[in-house]
Each structure stands twice: as structure tokens, then as C-alpha cells.
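Here are my notes on the model, point by point. Please read them with the structure open.

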Amino acid sequence: MKTKAMIGLYAAIVFSGTPASAEKLKKSTAPKLEEITIYARKKSEEINTTPITVTAFDRADLRKFQLSRINELEKLTPNLQFDTTSPISGSTQSAAVFIRGIGQSEFLLTNDSGVGIYVDGAYRARSLGAVLDTASIAQIEIIKGPQGMLFGKNTIGGAINILTEPPRDALSATITTRFGSDHRLDAVATADIPITPDLVTHWAFSSRQIDGYSERLLTGDKQGNEDMQSFFSKWLWRATDALNITLAIDGQDSQESSSPTSLIARNATKFDTNIDNSALSSTYNSIIGQNILLASGLDAQFDSRYLTLDPEKSFATGPNYSEVESLGGQISVDWQLAQVMLKSISAYRDLDTRFARDPDGSPITALHTRNDINHYQLSQEFQALGSAINERIEWIMGLYYFYEAGRDRVIADLYPSLFPAAGIPLSINGYYDAEQTSYAVYGQFSFELTKQLHLNIGARYTDEEKRFRSQQALADIKVLLLPSDTYTNRIDEWTPSIGMDYQWSDHAIVYFNYTEGFKSGGYVARYITPTAQPIEFSPEYVDNYEAGIKVLSADKRWHLHAAAFYADYTDIQLLVFDGIIPLTENAAKGRVRGAEASAKYHLNNHWLLSSSLGYVDADFTDVADNATVSKDSDFVNTPEWTAQLAIDYRITLAGGDQLQLTSDFSWRSAVANDAANNPLLIEGELGLWSARLAYQLVKADWELALYGKNLTDEVYIMSGASDIPTFGITEANYTRGREWGIETTYRLNP
């Protein structure tokens with residue numbers, strides 16, 4: 001009912017804004033859609049004639065639809081899910097991204113991302129620290145399906161291709177401030193500073209702060225705050241007419257509380273999740289809990305009294321922090337020869353992050369975890385782009401090298417007061433090291449068979465090696481959980497692609513693509529009992545088929561993009577619980593099929609309507625013996641339906657000032673937040689509504705805006721995990737409710 005009411009409200013807004021007189025429309029200048037140039041295929045192309053499925057947002061979209069961090073892309077992108085918190089982490093900066101049912105929930109250094117994030121061509125290897133600020137971003141492209149033919153590091157589910165702001169030749173600056181609910185205080189400043197005609201620079205600084213929204217009742221502190229500062233600097237040197245060298249440096253520092261966690265296990269008769277009757281809690285209660293009094297005077301038994309049944313309140317008293325420091329830089333060299341463009345991308349990134357969680361939601365130390373991660377990566381990519389036979393053949397070839405190394409220091413407190421008494425020391429302390437080296441060569445060729453028909457063929461060869469070493473131990477008796485050896489696995493794969501596109505007019509194209517992709521395997525990094533050698537999980541693979549159509553009207557007032565897809569998905573890596581241990585296993589084979597469509601329409605000179613619809617039918621076709629999932633299980637983070645509707649209304653007032661109203665409504669069907677499909681972690685259908693009203697003083701270069709996010713105040717599960725038999729714990733990470741505020745922007749030489 002709520003969804004129908006919201007759609008009805010949008011219809012009322014649209015028709016109420018339709019001019020009563022058709023004569024007025026005839027007198028006005030016919031509106032046209034702005035052309036969007038994308039670089040998803042490493043060259044400049046108009047989105048309506050590019051034969052791949054891609055959703056793109058430029059700088060104006062990011063501003064008017066309030067996309068301050070890249071996770072908010074999901075509200076305007078069909079078949080995309082983007083969580084900011086991975087299960088079992090506590091980090092507020094851990095990107096868990098899924099496109100069409102393919103992604104990765106695990107944050108550990110031993111697991112690769114299912115959807116790659118690339119910034120100016122450089123791959124961000126870790127999901128930690130990848131919930132990026134948009135202050136320095138010029139454009140974002142969400143590319144669906146396996147990537148590797150044109151991107152340095154292969155990814156199996158898709159790519160988020162981010163292009164940062166280029167330096168401008170003229171001095172200019174922008175300052176934006178935002179004040180809002182929960183003591184929101186944001187400040188973003190950008191500047192373009194030319195040093196010489198051939199050396200220009202761009203700068204961006206961002207600070208975002210807001211109070212937490214989830215209260216810890218016994219300590220008075222909160223979770224869910226934001227306190228993040230970031231900077232970005234780009235230097236462009238036009239060394240010659242044919243040679244450009246770009247240096248970019250960026251950094252981020254966030255000091256926040258951990259992601260809001262709520263204990264949501266309920267009674268055993270309904271879901272068999274009663275924490276009183278789980279293996280460890282019942283043992284603890286009988287040996288220790290009855291004999292110890294808490295400060296409140298209650299006994300220290302771990303039971304259902306700590307269920308607040310309120311997603312914004314908790315009895316937790318354990319560790320509560322999520323901190324990220326990152327620094328990176330890259331040098332890009334573009335050299336235009338006669339018929340060939342040579343490009344080099346050299347990148348380095350250093351990441352330090354600490355985070356912790358108290359998932360038991362009580363003043364008792366039943367389960368607390370801490371991670372302290374140091375990581376760095378470096379990569380080198382060479383590209384060559386060119387054409388031949390009067391541009392009837394276009395080609396790109398590349399060489400890629402990637403290296404990463406990191407250490408994760410792990411502390412897990414598991415009923416520490418119980419185990420010395422029972423002689424079962426299970427608290428874990430130590431670290432594991434992970435390394436990866438990857439080499440690749442790739443190429444793609446586009447053949448103009450006729451003026452309208454093109455054949456696209458590509459291939460990639462990848463050679464990857466991963467190394468793993470653990471020094472984790474049972475802390476009380478100093479027993480190593482794994483032998484102190486270095487373990488190595490290696491994979492080399494050919495992944496081809498082939499496609500055809502037919503441009504039946506200047507404004508319409510149909511295409512078909514077949515692409516293979518894979519994601520490397522690795523090692524399970526969590527252990528609780530001594531093991532002879534680490535558990536290894538295998539690579540996963542996908543064969544993806546896709547057909548699409550793109551149509552732009554002759555008067556450029558509307559466009560329609562639509563695609564259907566089918567994926568054969570094997571050796572699927574899932575995050576599951578094996579007793580007490582969360583681990584990655586190759587649990588199943590699957591089939592993913594569906595469709596998506598998006599459209600834009602200039603209703604008149606004032607109204608621009610945008611909409612999209614996504615459908616995914618994801619099924620497990622075969623499951624491994626003793627797998628956590630069954631053939632009836634839903635894919636994690638994969639709603640069957642997603643839909644978006646956005647309006648943009650603008651009018652020019654007397655004197656040239658402008659009034660602009662933008663609003664978006666997104667809806668999705670139910671989604672499972674864990675592989676086991678625990679009923680408590682299945683979030684039902686959800687609709688979210690946001691709006692922004694801006695007044696632009698054109699002559700004074702000022703803009704004043706009122707904004708609101710999640711205006712219907714929906715509080716919903718973003719992530720979660722459940723370990724019922726052992727701990728009896730089901731934890732959920734909930735999102736913030738309604739936000740509102742005021743925004744001011746001043747532009748110097750806009």
C-alpha cells in the first residue's frame with residue numbers, strides 16, 4: 001500500500017506540473033536530453049550508441065540526487081546492491097557490492113571483490129575503505145557483467161568505473177556546506193588553479209560529520225556516526241601537444257564508531273534462535289553466569305533479557321570503533337602517436353584500518369571481535385589503442401601487473417570468563433598475512449563488417465598467485481591454530497568475449513555479447529581449533545550472455561535502454577557458518593537470468609523524468625554435499641525486483657534565477673542478507689523517497705537548497721549474520737532513518 005501511495009504521489013506531481021495550454025509548449029524551445037559521454041570501453045563514446053549495459057551519472061546528477069558517497073548509487077541503478085558494512089566486521093567502510101546477484105560479502109584480505117571499483121583506471125583491491133566520497137568525482141559508470149577485456153584487474157560481476165574531476169584552465173572554486181538533522185555538518189571545497197598554461201591543477205577537500213543513531217543503553221555512547229575527512233589533488237602537465245602527464249594524490253581519514261549492531265534473536269518456538277539454549281551460552285550460564293553479579297545487580301547469564309527489540313538500542317558494552325586511514329597516488333601518461341594512443345597507469349595505495357564489534361548485544365563478553373589491518377597495493381598497466389583500414393578496425397591491447405600484501409591482526413574473545421574455568425581456552429589472538437601477484441595480457445578488436453554491423457572480439461590471459469601464512473593461536477595455552485608455513489595457490493585462465501552490434505539508424509542500436517569471467521580462490525583465514533593446513537576455496541566462474549537495445553528519439557527528447565541477460569554461475573563462493581566459524585566455501589552452482597530497462601523523457605521544458613526497472617531470477621541448480629544453502633535458497637543481496645523513478649523540475653524566474661526540484665523514489669522486493677536465509681535477516685520490500693529543492697541565484701553565484709533523504713523514515717537491515725547453534729546470536733546492522741537539512745553552495749567563476 002505504501003508503494004502504491006508513493007507512485008500515486010509521483011503521478012500527481014507530474015500531471016499537476018503539465019501546462020494547461022498546448023500552445024505554450026509549441027512556443028517554447030523543444031527540450032533535448034544532454035549527451036552523456038562514457039569511457040567504459042577506454043575511449044570516448046556516447047552512451048546511447050555503446051553496445052554494453054551501463055548506467056552513468058555525471059557531476060550534476062551526483063549533486064541533485066544527493067549522492068554524497070558511492071554506495072547511494074544503488075537507489076538509482078537497477079539490479080545493484082551496495083552495502084557499506086560487510087557481515088561480521090563492524091567496519092563502516094567495507095563495501096559489499098552485488099550486481100545481478102554476483103558480488104562478495106567477505107571483507108578478509110584472502111577474498112577478492114566480485115564487483116571491481118576503478119578510479120581513473122586504477123583498481124581498488126580492498127572492499128575496506130572503498131565507500132568513497134564523491135567530492136572529487138566527475139562521473140560514475142556502473143558496467144554490468146564480467147570485466148577484464150578492457151580493465152586491468154579482472155572482476156566477475158561488473159565494474160564501477162569512477163572518473164575524477166579534470167583540472168580546468170581557468171581559476172575557479174566551489175564551497176558547499178550542509179547542516180541537518182542529527183547535527184549533520186558537511187563542508188566540501190574544490191578549486192581549479194592553473195599554474196602555467198601547460199600546468200593546471202584541481203583540488204578537493206571534504207569533511208562529513210553526523211551523530212550516531214543507535215544508542216548503547218548501558219554506556220551512553222552511540223553507533224552509526226560519520227566523521228570522515230578526505231582530500232584529492234590532480235596535476236595535469238601538457239608536456240607537448242601529443243604528451244600529457246597526470247599526477248593524482250588522494251587520502252582519507254575516518255574516526256568513527258562501529259557499524260550499528262542489534263541483537264535480534266527471538267524465541268525458540270518461532271525461529272529456533274533462543275540464545276539461552278545455544279551450546280556455549282547454556283554452558284556459560286550453568287558454570288559461570290549464575291555465580292557472577294553484574295553492576296546492575298543482575299546475574300551474568302546471557303539470555304533473552306538483552307533483546308531490546310528496537311533496532312536503534314542495544315545493551316552492548318564491548319569495543320566500538322571503525323577507523324580508516326588511506327593514502328594513494330597514481331601517474332597516468334597519455335602519448336598520442338600518429339595512429340596509436342599509448343597509455344601508462346602507475347598506481348600505489350596504502351591502507352590502515354581498525355574496527356571492532358560486540359555482536360552479543362549485552363554487557364557480558366560472549367563474543368567480541370577486533371581487526372587491525374595494514375595493506376598496500378601497487379599496479380602498472382600499459383595500454384595501446386588504435387585503428388586500421390580507414391578506422392574499420394578499432395583495437396585496444398594491454399599489459400597488467402598487480403601486487404598486494406597485507407596483515408590482519410585478529411582478536412576474538414569467546415566467553416573468556418568461561419573457558420579457564422572449564423579448561424577450554426578458545427580466545428584467539430594473532431595475525432595472518434596475505435599476498436597476491438597478478439599478471440595479465442588482454443585485447444579487444446572491433447571490426448566494421450558493414451557501416452551498420454560490427455563484430456567485437458576480445459580475450460584475456462590472467463596468471464594469479466596467492467600466498468597465505470597464519471600466526472593465530474589459542475591465547476590462553478599458546479597453541480597455534482595452523483602450522484607456521486606459507487601456503488600458495490595459483491590459477492591461470494583464458495577468458496574470451498565476443499559480441500555483435502547493429503546500428504540500424506543514427507539513434508538506435510541492438511547488441512549481443514558473450515563474456516566469460518572468474519574470481520580467484522583463496523584461503524579461509526578464521527580458525528578456532530588446531531588444523532593441519534588451511535582450508536582452501538576454489539575460483540568461481542561465470543559465462544554471461546546478454547542482448548540489448550538502445551533507442552534515442554529523433555528529436556532527442558527521450559531514450560530507452562533495455563537488456564536481457566543469462567549467466568551460468570559455477571563454484572559460487574559463499575560466506576557461511578561452519579559451526580562457530582564463518583568461512584568461504586564453494587557451495588553451489590547457479591543460474592542467473594533477468595532483464596533491466598531504463599528511460600529518460602523530457603516531458604516539456606521544465607520536467608525531466610527518469611525511470612528504471614530491474615528483474616533478477618537467481619536459482620541454485622546444484623549444491624555441494626553438506627552445503628549451508630539448498631536449491632530453494634535465495635541468493636544473498638539479490639532482490640528479485642528493483643525499480644527507480646526520478647523527477648527533475650526546473651523553472652527560470654524573473655531576473656534569471658532558477659528554481660529546481662529533484663526527487664527520487666526507489667523500491668525493491670525482499671532481500672536475503674545471509675546465505676543461510678535466516679528469516680530474521682530477510683528484509684521485506686522497501687521503498688525509499690528523497691527530495692531536494694534548490695534556489696539558484698545566478699548573478700550572485702549562490703545556491704540554497706533544502707534536502708531530505710529517506711523521507712518516510714524507513715529503518716531496515718543492511719547486513720547481518722547468524723550463528724544459532726553455538727552462540728545463539730543473530731545480529732543485524734540497521735541503516736539510519738530520515739535525514740533533512742539545508743545546503744549552501746558558492747561558486748567562483750562557475
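1. Does Arg-354 count as buried, partly exposed or exposed? This is a predicted model. At 31% relative accessibility, Arg-354 counts as partly exposed, because buried means under 20% and exposed over 50%.

2. Arg-354 has a salt-bridge partner, Glu-323, with the closest N and O atoms 2.7 Å apart. Arg-354 sits in strand S21 and Glu-323 in strand S20 (residues 322-336), so the pair ties together parts 31 residues apart in sequence. Glu-323 is partly exposed too, at 22%.

3. Strand S21 (residues 340-357) also carries Arg-349. The side chain of Arg-349 forms a salt bridge with that of Asp-250 (2.6 Å, N to O). Asp-250 belongs to strand S17 (residues 243-256), so this pair joins parts that are 99 residues apart in sequence. Both residues are buried.

4. Arg-370 and Asp-413 form another salt bridge, at 2.9 Å between the closest N and O atoms. Arg-370 is in strand S22 and Asp-413 in strand S23, 43 residues apart. Arg-370 is partly exposed at 23%; Asp-413 counts as buried at 17%. The salt-bridge count comes to 48.

5. Now the cavities. The structure holds 14 of 30 Å³ or more. The largest has a volume of about 930 Å³. Of its 44 lining residues, the closest to the centre are Asn-71, Glu-72, Tyr-716, Thr-735 and Arg-736. The lining has 12 nonpolar, 18 polar and 14 charged residues. Strands that each supply at least two of them include S36 (641-652) and S37 (658-668).

6. One open sheet has three strands in the order S15-S14-S19, with mixed pairing. S15 and S19 are at the edges with a single partner strand each, so one side of each lacks a neighbour in the sheet. S14 and S15 pair in the antiparallel sense over two bridges.

Conventions: Residues numbered from 1 in each chain as written. Predicted model: local features only at pLDDT ≥ 70, side-chain atom pairs only at ≥ 80, totals over all residues. Heavy atoms only, no water. 1 Å grid on protein atoms, 1.4 Å probe; cavity = no way out; pocket = protein on both sides within 12 Å on 5 of 7 lines; lining within 4 Å. Points joined across faces, edges and corners; volume = space filled by probe spheres on them. Helix = DSSP H or I, 4+ residues; strand = E, 2+ residues; numbered from the N terminus. Nonpolar A, V, L, I, M, F, W, Y, C, P; charged D, E, K, R; others polar. Pairing = 2+ DSSP bridges. Salt bridge = Lys/Arg side-chain N within 4 Å of Asp/Glu carboxyl O. Buried < 20%, exposed > 50% of the residue type's maximum accessible area, 1.4 Å probe, protein only.
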